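Biologist: I would like to go through this model strand by strand, then ring by ring. Please show it first.

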Amino acid sequence: MEYLHTMVRVSDLDESLEFYCNKLGLQEVSRKDYEKGRFTLVFLAAPGDAETAREKLAPCLELTYNWDPETYTGGRNFGHLAYRVDNIYATCQQLMDKGITINRPPRDGHMAFVRSPDGISIELLQKGEPLEPQEPWASMENTGEW
């Protein structure tokens with residue numbers, strides 16, 4: 001068995017790409033419009049997986065954009081996407097600087113959560129051992145759902 005991708009439906013492709021690529025740091029590795037089915041598939045990969053993803057289309061996050069408007073609810077019911085990061089504090093600070101709310105701050109130096117524009121929870125995990133707790137993260141409260 002081999003992991004291929006996780007698919008999430010998005011209501012605004014440009015807004016989602018702004019979040020996933022320009023703020024979270026994923027890279028677009030493939031895009032295909034299906035005129036007959038009236039949808040677009042965009043495959044994204046973490047920078048460390050981008051080369052493999054371009055070759056195998058895995059491991060990826062697949063954004064499905066249906067051209068006919070739909071309302072998506074229950075993003076939290078989906079569960080979450082998870083990405084390992086080199087420095088959880090630096091990653092969270094970069095996201096905050098780009099206007100992203102840190103819903104569950106990395107108080108433990110190990111784990112944080114943010115949400116996409118469509119309400120998908122994204123877990124960020126510290127690579128290796130947890131970092132030593134530090135401010136402002138150690139005393140930062142949760143915000144909203146995660």
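Biologist: Which residue in E4 is the bridge partner of His5?

Modeller: A caution first: this is a predicted model. E1 and strand E4, residues 60-66, pair in the parallel sense over 6 bridges. In E4, the bridge partner of His5 is Cys60.

Biologist: In what order do the strands of that open sheet stand?

Modeller: The pairing in this sheet is mixed. Strand E1 (5-10) and strand E2 (27-34) each have a single partner strand, so they stand at the edges with one side left without a neighbour in the sheet. Neighbouring strands are turned by 20 degrees against each other on average, direction ignored. The order of the 4 strands is E1-E4-E3-E2.

Biologist: Which strands stand at the edges of the sheet that holds E5, E6 and E7?

Modeller: This open sheet has 3 strands in the order E5-E7-E6, with mixed pairing. A single partner strand leaves one side without a neighbour in the sheet, so the edge strands are E5 (80-85) and E6.

Biologist: In E7, what is the bridge partner of His80?

Modeller: E5 and E7 run parallel, joined by 6 bridges. For His80, the bridge partner in E7 is Ser121.

Biologist: At about what angle to E7 does H4 run?

Modeller: H4 lies across E5, E6 and E7. Its direction relative to E7 is about 145 degrees.

Biologist: Are the rings of Tyr89 and Trp137 stacked or edge-to-face?

Modeller: A search of the whole structure finds 4 aromatic pairs. For Tyr89 and Trp137, the ring centres are 6.2 Å apart. Their planes are at 15 degrees, and planes under 30 degrees apart count as stacked. So the pair is stacked.

Biologist: How many residues apart are Tyr89 and Trp137?

Modeller: Tyr89 sits in helix H4 (residues 88-97), and Trp137 in the segment after strand E7 (121-126). The pair links distant parts of the chain, 48 residues apart.

Biologist: Does Tyr89 count as buried or exposed?

Modeller: Buried means under 20% relative accessible area. Trp137, at 3%, counts as buried. Tyr89 has 5% relative accessibility, so Tyr89 counts as buried.

Biologist: Phe113 and Trp146 form an aromatic pair as well. Does Trp146 count as buried or partly exposed?

Modeller: The Phe113 and Trp146 pair is tilted, 4.8 Å centre to centre with 35 degrees between the planes. Phe113 lies in strand E6 (residues 111-115), and Trp146 in the segment after E7. At 5% relative accessibility, Phe113 counts as buried. Trp146 has 28%, so Trp146 counts as partly exposed.

Terms used
Residues numbered from 1 in each chain as written. Predicted model: local features only at pLDDT ≥ 70, side-chain atom pairs only at ≥ 80, totals over all residues. Heavy atoms only, no water. Phe/Tyr/Trp six-rings, centres within 6.5 Å; stacked < 30°, edge-to-face > 60°. Helix = DSSP H or I, 4+ residues; strand = E, 2+ residues; numbered from the N terminus. Buried < 20%, exposed > 50% of the residue type's maximum accessible area, 1.4 Å probe, protein only. Pairing = 2+ DSSP bridges. Contact = heavy atoms within 4.5 Å. Axes fitted to C-alpha atoms, helices over the stretch in contact; angles between N-to-C directions.
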